[in-house]
Amino acid sequence: FEAGRPVPAVDEAVAAVADAAAYGLRPDDYDAAALQVQWAALRRQQGTSVERASFDVALSVATTRLMRAVHIGRVDPARLRWGYTGPRKPMDLPRLLAEVRDGRPLARLLRDLEPQFSHYRRARATLATYRALAEAGEPPLVPALPAGTKKIGPGQIWTAAPQLAARLRAVGDLLGDEAGRTPSYDAPLVDAVKRFQLRHGLDADGVIGAGTLAALNVPLATRVRQIELAMERMRWLPDLSGAPNVFVNVATFRLWANDPRTREEPLRMNVVVGEALDHQTPLFIEQLEYIVFRPFWNPPRSILLQEILPKARRDAAYMTRHRYEIVASGADDAVALPVTPEHLDKVAAGRLTLRQRPGPTNSLGLAKFIFPNDEHVYMHGTPSRGAFARARRDASHGCIRLEDPAALAAWVLRDQPDWTPARIEAAMNGDRPVRVTLRQPMTVVLFYDTVHVSRQ
């Protein structure tokens, strides 16, 4: 209050705290209901000075906590050993609180404090959509498949088709009211199921099996919670609004380039990541420093000892067939040594090096992207293309295999005009390794979110 009259900023602040759900947060965590009741009473009766002071403190605390949660999240990722290191995003809370007091709308300030990633903005919009759907009421569940039936394919008769249609219509995968009126799994329903499967990381074949049925019946409230948690994890990331960067979402097997200057994602592709149980791709934030075209592959020691050397000792032609060679140093022009039992023993002991020669069959493909890290993880091409067509793509030993390394190289080097797409292709198909250092290192974010809203 000022001179016995309520300050306009208070109305806006109370309303913004009550709207915490729009940011993927819980209004009750910020005492929104109590603040609304207190504020309504104070506006009617103006209250005592003690009541006003108590309300002022409560609103200031709620506002401060909300600003902090929106900007850096409620949880410190370091406590979860999430892999993100370095200082958290700075916040001058006293200054921000003073700005709100002096009339800056809290809702506008919160928008400025939110992550500025395009995928965060899409998640926020999708959260509102799914929350509205959940509040409108859960559509009917799709019944279990008939006894003895493992899957429903296009054209089959299925009495659950109307329930399937209702659920798909509720989430926007099925348009119109005509489909689903008969117990036939017909073309409109099949197309809608394919859209649903594609959105949920399933093989988009239109066949309804146990996995698709389980995903269809996930409650809308659970989807809301998934989006809220995804937004929380995005808030843990540093401020990356100053320069282009690359994101890899390990959970969805996707990479995209992000250009905050244009608020666009100019490049997207599928990736293959580490096997979920034994070779998980780690989560961290590092700087991409250079690219090597037509690289050698130096197998990690675990692969060397457990896979390559045992095969080389059993099969004399194995090394030649897979273009492996033994060298005394890591120099590109190192002379290959004869493959003998003695030399294999020295490789096992670490006194000699085994590597795979560059070329189309090299395990790294024709390019690798290096962002130095303690885990020795990097991005690279691959001669094995089959995994990119699968919905689930966790099949590597931890590194990230790229669907289109030439496209990523062209984007990363776009500010180095001498590296044209044609020159990149020539380097990838040349006769020796070529290292290209980026003029400006680029941030690479390996993170994990079970929800990713793609652009439409």
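Q: How do you know how the lining of the second largest pocket divides by residue class?
A: This is a predicted model, and in it that lining splits into 13 nonpolar, 15 polar and seven charged residues. Gly is counted as polar here, so any glycine goes into that group.

Q: What makes up the surroundings of the centre of the second largest pocket, and which elements line it?
A: The pocket has 35 lining residues, and those nearest its centre are W297, P300, I303, S363 and H397. Two elements give two or more residues each: α11 (301-314) and α12 (318-321). The top contributor is α11, with five. As for volume, you get about 880 Å³.

Q: What is the volume of the largest pocket, and which residues sit closest to its centre?
A: Its volume comes out at about 1600 Å³. It has 50 lining residues, with L198, R199, H200, G201 and T252 closest to the centre.

Q: What makes the lining of the largest pocket, in terms of elements and classes?
A: At least two residues come from each of α6 (118-136), α8 (187-199), α9 (210-216), α10 (220-235) and β3 (264-274). Helix α6 gives the most, five residues. Sorted by class, you have 22 nonpolar, 16 polar and twelve charged residues.

Q: Why is L127 called buried or exposed?
A: Buried means under 20% relative accessible area. L127 has 0%, so it counts as buried. You'll find L127 in helix α6.

Q: What makes a residue a contact of L127, and which ones qualify?
A: The test is heavy atoms within 4.5 Å. Leaving out neighbours within four places in sequence, A21, A22, G24, V224, I227, E228 and M231 pass it for L127. For a long-range pair, take L127 and A387: they are 260 residues apart in sequence, and their C-alpha atoms are 31 Å apart.

Q: Why is N245 called buried or exposed?
A: Same kind of check: the cut-off for buried is under 20%. N245 has a relative accessible area of 0%, so it is buried. Its place is in strand β1 (residues 245-249).

Q: Why does the pair formed by the side chain of N245 and the backbone oxygen of L240 count as a polar contact?
A: The limit is 3.5 Å between N or O atoms, with one able to donate a hydrogen and the other to accept it. The N245 side chain reaches that L240 oxygen at 3.2 Å, so the distance falls within the limit.

Q: Which residues does N245 touch?
A: Not counting residues up to four places away in sequence, N245 touches L240, W256, A257, N258, P260, W411, M442 and T443.

Key: Residues numbered from 1 in each chain as written. Predicted model: local features only at pLDDT ≥ 70, side-chain atom pairs only at ≥ 80, totals over all residues. Heavy atoms only, no water. Helix = DSSP H or I, 4+ residues; strand = E, 2+ residues; numbered from the N terminus. Buried < 20%, exposed > 50% of the residue type's maximum accessible area, 1.4 Å probe, protein only. 1 Å grid on protein atoms, 1.4 Å probe; cavity = no way out; pocket = protein on both sides within 12 Å on 5 of 7 lines; lining within 4 Å. Points joined across faces, edges and corners; volume = space filled by probe spheres on them.
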